[in-house]
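Biologist: Could you take me through one part of this model closely, and then show me how it fits in with the rest?

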Amino acid sequence: MVAFDAGVYLRRLGERLLDDSDQQQPGHWSALRGAAAALVVAGAIAADEAWWVIDDYATATRIRSGKPGFVHFGPPLRRHEADSLMPRQFRVIDQEIPVGGGQVLVRDLAITADGGTLRYRRCLDAPGPGQVSRLSRRPGGFPWNHTPPDIIDSDGHRPEVRFGDGGRDGEGYVDGELALRGTIAPEATWLEIDGTRVDLHGRMGRWEVGIEALEDRSSVERFLWRHLAVARPRSGITTALEPLIQALVAAGALEEGSLLLGDLRAVAARMPRRPLHQRRITRASTPGLVEPWGSLLGRLGSDDGPEWTLVLGAVAPTCDGVQFAANSITSDLDGFEVEFDVAPNLGGVSALDELPVAWWARDDLENHYLGIPTGGGVRGDSAQGTMRYWPALDPRAKRLDLLMCVESHQAVVSVSLPENSENNR
Amino acid sequence: MTHWWAGIPPAEVTVPCGGDSHTVRWEAGELIAVDHGDPEGEVTAAARAGESVPCLELLRTWSRRAGHPHVLTLASRGPTDPLNLDIDELRFDYGAPRRQTEEQTLRLLAAGGRLPDRLQATTAAIWTRRLRTGHAQLETVRPQLEAALYGRVLRTLRAWLGEPQLAVELTMIGPEEQRRIVHTTDGVDVSLPFSWLPDVWMRGLAVTFGRLCIAADTTDGASWTLHTLGPGLADLSQFTIDTR
């Protein structure tokens, strides 16, 4: 019997992908990546060696495409140590104001000791064919053009206002932020932005933070379940597990026909195949699915979520080198969103020898929820953004735990939820 | 014994050099700057004058890169796999280790004419010899060599059998071992040596008269005996081609 050679396995996979242009993905999203990470976690190949293979075939793909640009990519960096997140007082605004002939949604205000950050969103007209939608290329795309607005709080403080570094382009909208320097009263109840008043909502949720050890599992088992839980950012498309499974079976790290594979495939078959915003409201049959997947998929398609917003400002302890802060939760009929900060920035793909971070949530009724980053920006070492969780929050739940699963531990922000009678913003 | 380049026709490329159009020719396993009578002397003179001689630069790059199996990873897998690159539109990260040489390889693969095909034929011949005689890097590069053989066998079989999704399992055997290609329930099992690349594939003999060639022998470089299989993979037969 020929000994398994992970380098040969990956390169042969690369050859097949090269012969199938539908399978080719650019750069870090190479279709080789999943199999490479699987073989790394199985100890069959070193991460840097596996990356050479990915990079070789990225180059081979590029020189067949006629496209300009870099012919290869450096490996994704391992997560690095970042400064601790500072607690920020958070106020939800969620109010549209007129700016320069259009409307801008002023989303929220984060208050720090020496200023704050005001986030806004401007919806764009649908771009026509060939039109570039990027904010920086659209004349008049900045809502305040070249001069930031004048801002005053309810206590009479008038911070210096500059355009911030954060923000991003989304599907049909652009997010931006204004950096405020100077005092903002923590107890302020409103802001005036160029004379338009917006209210600062401050209903604070009660929360606790902590760290829990993850269930003791083999590295291969944890790897596969984790990849099933981590969807493509923004779209929410589930990772295809079969290339990972096939690599592990070929390497002898996983047995075809094992109980684990049966459980994985049963769950994978029921995971939503469509991007988050295109999912149909359908309930799946989930008997026999292992937890937490059974309870996650059992409520898929629910549309009975309560509608409220809670301000948190909870900073979880650093967990396996990663820290996150939950600033607010907004629940709606089919899911809920958490405005979060995370350090270091977890954007992009993880290194081949690191588990991607998964964002689970659970309630006191043993329901589970999965989070997908849907937008955000980078701020120095950290990132901020919006995490969209599915399915809808169970309206009977009294407690919600937001879980950031890293390597062997998970950080927990445990939030007391409003009673039913409070379910109004 | 015949030379590895026997049966592979010459190839030329035009190079703008010193204000003229020069010819660089590959012939009999060697790259020649046709318009430069004393390459070594000219290189020395050009270096003294702080100038470069494009024809001779091409020769130097060739000699540096032809022995690297990375050539086989990047080069075309045959007529159904054309490269489409504008070397001046590509960008290279010189900070990355190993990649400093990649631009050189890609410049050779973008050289035009049949020169890129001759480059990969040269690389395949070099590693066929090294597999036979031994080489310090053999274990390191073996995955690349196996993949180079696999990718070309895969394309050849899929096109020949008209099955774009055909599954191919390949065992890279030694040059004296029994070559075989058999149908299985999942696809095709192939046992071929790496030398199939320079001996058969690089000579354009992989599919001849609609039959798959698994070996090609010659004693004089002109008369070739091909060992071939029909699409059923059961009827091994040989025939001779005289190229004179």
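Modeller: Gladly! Let's take α6(B), which has 24 residues and reaches 33 Å from its first C-alpha to its last, close to the 34 Å expected at 1.5 Å a residue. That expected span is 1.5 Å times one less than the number of residues. Helices here are DSSP runs of H or I with at least four residues, strands are runs of E with at least two, and both are numbered from the N terminus. After α6(B) comes Gly162(B), with a positive phi near 65°.

A word on conventions: residues count from 1 along each chain as its sequence is written, while chains are lettered from A and ligands numbered from 1 in the order of writing. The model is predicted, so local features need pLDDT of at least 70 and side-chain atom pairs count only at pLDDT 80 or more, whereas totals for chains, interfaces and linings use all residues.

What does α6(B) lie across? Its neighbours there are β5 and β7 of chain B, and the helix runs at about 140° to β5(B). Such angles, from 0 to 180 degrees, are taken between the N-to-C directions of lines fitted to C-alpha atoms, for helices over the stretch in contact. Those strands belong to an open sheet of three, in the order β5-β7-β6 (chain B), with mixed pairing; two strands pair if DSSP finds at least two bridges between them. β5 (167–173) and β6 (180–183) of chain B are the edge strands, each pairing on one side only. On average, neighbouring strands of this sheet are turned by 10° against each other, direction ignored. Four bridges join β6(B) to β7(B) (residues 187–193) in the antiparallel sense, and Val182(B) has Asp189(B) in β7(B) as its bridge partner.

The helix also takes part in the interface, where 24 residues of chain B are in contact with 24 residues of chain A, contact meaning C-beta atoms, placed from the backbone, within 7 Å. On chain B, the elements giving two or more residues to that side are α3 (70–74), β4 (90–91), α4 (102–109) and α6 (138–161). The largest share, eight residues, comes from α6(B). By class, the residues of that side of chain B are eleven nonpolar, five polar and eight charged; Ala, Val, Leu, Ile, Met, Phe, Trp, Tyr, Cys and Pro count as nonpolar, Asp, Glu, Lys and Arg as charged, and the others, Gly among them, as polar. Strands also cross the chain boundary: β1(A) (residues 69–70) and β4(B) pair in the parallel sense over two bridges, with Arg91(B) the bridge partner of Phe70(A).

Back in chain B, α6(B) helps to cover another helix. What covers the buried residues of α5(B) includes β1 (11–17), β2 (20–27), α3, α4, α6 and α7 (196–201) of chain B. Among those buried residues are Leu115(B), Leu119(B), Thr122(B), Thr123(B) and Trp127(B); a residue is buried with 20 or more other C-beta atoms within 10 Å of its own, exposed with 12 or fewer and partly exposed in between, with C-beta atoms placed from the backbone. The 19 residues of α5(B) (115–133) should span 27 Å at 1.5 Å a residue, which agrees with the 27 Å between its end C-alpha atoms. Gly134(B) follows α5(B), with a positive phi near 95°.

For the partner chain, chain A has seven helices and 18 strands, and 42% of its 425 residues are buried. One strand there, β13(A) (residues 335–343), has eight of its nine residues buried, so it is largely enclosed by the rest of the structure. β13(A) pairs antiparallel with β12(A) (residues 323–332) over nine bridges, and the two form a hairpin with two residues between them. Seven bridges join β13(A) to β16(A) (residues 382–390), again antiparallel, and Phe340(A) has Gly385(A) in β16(A) as its bridge partner.

Lastly, how far can you trust chain A? Its pLDDT, the predictor's confidence in each residue from 0 to 100, averages 85, and 86% of the residues score at least 70. Over residues 127–140 of chain A the pLDDT is below 50, though this stretch has ten contacts in the model beyond near neighbours in sequence. Residues 421–425 of chain A also stay under 50, with nine contacts beyond four places in sequence.

Conventions: Two residues are in contact if their C-beta atoms, placed from the backbone, lie within 7 Å.
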